[in-house]
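Welcome to this short tour. Please have a look at the sequence and the model first, and then read on for a few places worth visiting.

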Amino acid sequence: MLQEERFEYILSRVSENGAVKVTSVAEELGISQSTIRRDIKELAETGRLHKVFGGAVANENVITTSDSAISVRENEHTQAKDDIGRFAAEQINRDDFVFIDAGTTTRRIIPYIDESLKGTVTFVTNGVVHARELAARGFLVYLPGGLLKGTTEAIVGTSAVDYVEDCNFTKSFMGTNGVDLNKGYTIPEMDESRMKASIIKNSHTVYVLADSSKFDKVSSVSFGKLQDACIITDAIPDNGYSDATVILEAVCQDR
């Protein structure tokens with residue numbers, strides 16, 4: 001099959017479904033995945049579609065401007081989030097002053113924090129559920145004051161930003177809706193973006209927790225550049241991200 005014929009096939013699939021997977025097209029056409037990746041890259045460079053991790057989407061689907069309810073996100077990519085949370089928890093050491101961001105992936109850190117760290121680590125979080133679970137496990141945890149957002153269950157606003165501006169975190173663990181080579185880390189909410197940007201500024205080491213579905217995704221507001229943080233993910237993408245920042249793959253030893 002000629003390259004232009006493959007281009008037309010890929011574009012027709014994207015037009016019909018809004019998105020296409022490399023693995024599916026490769027299987028359907030009987031062509032290697034590396035060839036399809038190159039085709040998608042060329043189509044993206046000419047602006048005919050938008051390349052994402054594992055495939056491509058139509059250009060009109062590029063920017064996400066709203067967030068789904070936390071009850072929905074809690075049940076998405078559960079195994080990946082669990083592996084990421086376990087790996088992230090292993091980065092917490094004695095005497096750390098830790099910020100844990102609100103979010104469904106960051107919440108997965110809490111069950112895996114070592115019991116021996118009780119009394120030696122101080123936590124701050126803007127996630128009300130996170131704070132409750134940390135306190136229930138016997139850890140010292142502080143909540144900033146501010147506005148509680150119903151969709152994300154995160155505390156945001158001027159008071160919350162002022163609170164974290166006075167902190168000097170040894171480590172922070174951040175959630176994100178999108179990770180993109182050009183736009184960096186993005187979310188749909190302006191208030192949450194300000195909070196996240198302030199935490200990054202006031203942290204010695206920053207980890208962004210992002211399952212592989214978040215790569216090549218862009219939401220309305222950027223809160224940091226890729227090099228501002230180390231990414232913890234379940235699968236390291238092969239399209240340039242490792243050249244932009246440190247990426248750690250959370251591999252579960254039990255599977």
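Two residues are in contact when heavy atoms of theirs lie within 4.5 Å. With that in hand, Thr176 touches Tyr185, Thr186, Ile187, Val208, Leu209, Ala210, Lys214 and Phe223, not counting residues up to four places away in sequence.

Before going further, a word on the source: this is a predicted model, in which local features need pLDDT of at least 70 and side-chain atom pairs count only at pLDDT 80 or more, while totals for chains, interfaces and linings use all residues. Residues are numbered from 1 along each chain as its sequence is written, and side-chain values use heavy atoms, with hydrogens and water left out.

**The whole protein**

The protein has 10 helices and 17 strands; these are DSSP runs numbered from the N terminus, helices being H or I with at least four residues and strands E with at least two. Its C-alpha trace spans about 65 × 40 × 30 Å along the principal axes. Of the 255 residues, 51% count as buried. Among contacts between residues at least 6 apart in sequence, 65% join residues at least 24 apart.

**Three buried residues**

Accessibility is described in three classes: buried is under 20% relative accessible area, exposed is over 50%, and partly exposed is in between, using a 1.4 Å probe and protein chains only. The table gathers three residues of the buried class.

| Residue | Place | Relative accessible area |
|---|---|---|
| Thr176 | loop between β10 (169–175) and β11 (178–180) | 5% |
| Asp101 | loop between β5 (97–100) and α6 (104–107) | 2% |
| Ile36 | helix α3 (residues 33–45) | 0% |

For Thr176, a polar atom of the side chain lies 2.9 Å from the backbone oxygen of Gly178.

Which side chain makes a polar contact with that of Asp101? The partner is Lys196, at 2.3 Å. A polar contact is a pair of N or O atoms within 3.5 Å; within protein, one must be able to donate a hydrogen and the other to accept it, and residues adjacent in sequence count only if both atoms are side-chain atoms. Leaving aside neighbours within four places in sequence, Asp101 is in contact with several residues, including Thr125, His130, Phe173 and Lys196.

Lys196 also lies over the face of Phe223, at 5.2 Å from the ring centre. Such a placement requires NZ of Lys or CZ of Arg within 6 Å of the ring centre and within 35 degrees of the ring normal. Phe223 is also one of the residues that Thr176 touches.

Ile36, in helix α3, has contacts beyond four places in sequence that include Arg6, Ile10, Val22 and Leu29. The C-alpha atoms of Ile36 and Ile10 are 8.7 Å apart, although 26 residues separate the two along the chain.

**Aromatic rings**

Rings of Phe, Tyr and Trp (its six-membered ring) pair if their centres lie within 6.5 Å; planes under 30 degrees apart count as stacked, over 60 as edge-to-face and the rest as tilted. The whole structure holds seven aromatic pairs. In one of them, Phe53 and Phe215 have ring centres 6.0 Å apart and planes at 45°, so this pair is tilted. Phe53 sits in the loop between β2 (50–52) and β3 (55–57) and Phe215 in the loop between β13 (203–209) and β14 (218–219), so the pair ties together parts that are 162 residues apart in sequence.

Is Phe215 buried or exposed? Phe215 is buried, at 0% relative accessible area, whereas Phe53 is partly exposed at 30%. Ring pairs also bring in Tyr241, forming a cluster with Phe53 and Phe215.
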